[in-house]
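Here are some worked exercises on helix packing, ring pairs and backbone details. Please have a look at the model, try each task yourself, and then follow the solution step by step.

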Amino acid sequence: MGEASVKTLETRTDVPSPTVTEDRPEPRHALLDRLRSPRRPRLWFEILLIAVSYWTYSLIRNAVPEQKAAALRNADWIWQVEHTLGIAVEKSVNHAVDSVTWLIVGMNYYYATLHFLVTIGVLVWLFRRHPGRYAATRLVLFATTAVALVGYYFYPLAPPRLMNGENFIDTVLVHHTWGSMASGDLKHMSNQYAAMPSMHIGWSLWCGLTIFALASAPWARILGLLYPAATLVVIVATANHFWLDAVGGMLCLAFGYAVSYVWYGTTARRLPRYPEDPDASSATATLLNRFRSPRP
C-alpha cells in the first residue's frame, strides 16, 4: 500500500507542468536586433520622413551665418592649394563650356533639377525593388547629408563664381536660365557660402554606387557610374564648386557608409532583397506556440 503511494507520487512528479508565460520586458540586445533587422518600409512613413528631413536640412543649411569675409578667404586658400597641386583648371573649364551656349544652358538645368529628381528616383526604385535594403541605403544618404551641415557651419566657402578678381562666369546670370537657388533673384533664399562639401557630388555618387551595386542590367550599372562623373563636370563648368568641394562630398559619403555599416553590421548589398513580414512571422509563431503548448 505504502509502495503504491510512493510510486504514484513519483509518477506525478514526472508529469510536465503547463508552461507559464510571463510578459517580461524585451532585452536590450533583442530590441536592437529587431530595429536593425530588414523590414518592409511603409510608404506614408517614408514620405513624411523624407519631407521633414529635407525641410530640416534646408532650414539648418540656410540658417548658417553667411560669413562672407571668411568664405572668400577660404575660397582664396582653396584656389591656392589647387594651384599648388596642379589641378586649378576650373576657370578654363568654366570659360570653355560657357562658349557653347546650348551645352552650358543644359548644364544649368542639369545642376538645378537632376540633383533632386535622380535622388528621389533612386529612393523610389529602392522602395519598390529592394525593400529589404532600403533602410540601410537610406541611412547612408541621411548620415551623409547630416555631416555635411557640420561642414557648412564650420567652413563657410564661397563658390568660384563669387570670388573677387578671378573672372569666373556665373553661367546662370549670363544666360538667364533658372539654374541655381544661389544665383539671380533666388540668391537671398539660400546660403551662398555653403559650397564645402558638395552635396551634388555626395548625392550623385550615392545614386551611382547604389545603382551599380544593386541593378542587374549592365547598361543601368554603367549609367549609374556615369551620373556622378557628369555631375562633377557640371558643378565645375557652372562655377558652383571647386574640385576639392567634390572631395569633401566624397568624404561625407564615406562617413555615411560607415554609419550604415556600424548600425546594420554589413553592407546594404548583403541584406536580403525582400525581408520577411515581421507581423506575419510573429502571428505564425504565436499560432504554433498555441498548438505546441500542453493543454490542462
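## Helix packing and its neighbourhood

The crossing of H9 and H11 is right-handed (clockwise turn of the near helix from the far one by less than a right angle; anticlockwise would be left-handed). The model is a predicted one, in which local features need pLDDT of at least 70 and side-chain atom pairs count only at pLDDT 80 or more, while totals for chains, interfaces and linings use all residues. Residues are numbered from 1 along each chain as its sequence is written, and side-chain values use heavy atoms, with hydrogens and water left out.

**Exercise 1.** Describe the overall make-up of the protein.

*Solution.*
- Step 1: count the elements; the protein has 12 helices and zero strands. Both are DSSP runs numbered from the N terminus (H or I, at least four residues, for helices; E, at least two, for strands).
- Step 2: look at burial; of the 296 residues, 40% count as buried (under 20% relative accessible area; exposed is over 50% and partly exposed in between, with a 1.4 Å probe and protein chains only).
- Step 3: turn to contacts, meaning heavy atoms within 4.5 Å. Among contacts with a separation of 6 or more, 85% come from residues 24 or more positions apart.

**Exercise 2.** Work out how H9 and H11 are oriented to each other.

*Solution.*
- Step 1: recall that two packed helices are described by the angle between their axes and the distance between the axes.
- Step 2: take the values; helix H9 (residues 199-214) and helix H11 (residues 243-264) pack at about 50°, with axes 7 Å apart. The axes are lines fitted to C-alpha atoms, for helices over the stretch in contact, and angles run from 0 to 180 degrees between N-to-C directions.
- Step 3: classify; H9 and H11 are therefore oblique to each other (under 35 degrees is roughly parallel, over 145 roughly antiparallel, 65 to 115 roughly perpendicular and the rest oblique).
- Step 4: list the partners; Met199, Ile201, Gly202, Leu205, Trp206, Leu209 and Thr210 in H9 meet Ala246, Gly249, Met250, Cys252, Leu253 and Tyr257 in H11.
- Step 5: sort the contact of H9 with H11 by class; it has 10 nonpolar, three polar and no charged residues. Ala, Val, Leu, Ile, Met, Phe, Trp, Tyr, Cys and Pro count as nonpolar, Asp, Glu, Lys and Arg as charged, and the others, Gly among them, as polar.

**Exercise 3.** Repeat the analysis for H7 and H9.

*Solution.*
- Step 1: helix H7 (residues 131-154) and H9 pack at about 165°, with their axes 10 Å apart.
- Step 2: that makes H7 roughly antiparallel to H9.
- Step 3: the crossing of H7 and H9 is right-handed.
- Step 4: H7 contributes Arg133, Thr137, Val140, Leu141, Thr144, Thr145, Ala148 and Tyr152, and H9 contributes Met199, Trp203, Trp206, Thr210 and Leu214.
- Step 5: by class, the contact of H7 with H9 has eight nonpolar, four polar and one charged residues.

**Exercise 4.** Is leucine 214 buried or exposed, and which residues does leucine 214 touch?

*Solution.*
- Step 1: leucine 214 is found in helix H9.
- Step 2: its relative accessibility is 11%, so leucine 214 counts as buried.
- Step 3: leaving aside residues up to four places away in sequence, leucine 214 touches Trp125, Leu126, His130, Arg133 and Arg269.
- Step 4: pick out histidine 130; leucine 214 and histidine 130 are 84 residues apart in sequence and 8.2 Å apart in space, C-alpha to C-alpha.

**Exercise 5.** Find the aromatic pairs and classify one of them.

*Solution.*
- Step 1: a search of the whole structure finds seven aromatic pairs. Rings of Phe, Tyr and Trp (its six-membered ring) pair if their centres lie within 6.5 Å; planes under 30 degrees apart are stacked, over 60 edge-to-face and the rest tilted.
- Step 2: the rings of tryptophan 44 and phenylalanine 45 have centres 5.9 Å apart and planes at 85°, so the pair is edge-to-face.
- Step 3: tryptophan 44 counts as exposed at 59% relative accessibility, and phenylalanine 45 counts as partly exposed at 38%.
- Step 4: ring pairs also link Trp79, Phe168 and Phe242 into a cluster.

**Exercise 6.** Where does alanine 239 lie, and what is its phi?

*Solution.*
- Step 1: alanine 239 lies in the loop between helix H10 (218-237) and H11.
- Step 2: phi of alanine 239 is near 60°, a positive value in a residue other than glycine.
- Step 3: alanine 239 counts as buried, at 1% relative accessibility.
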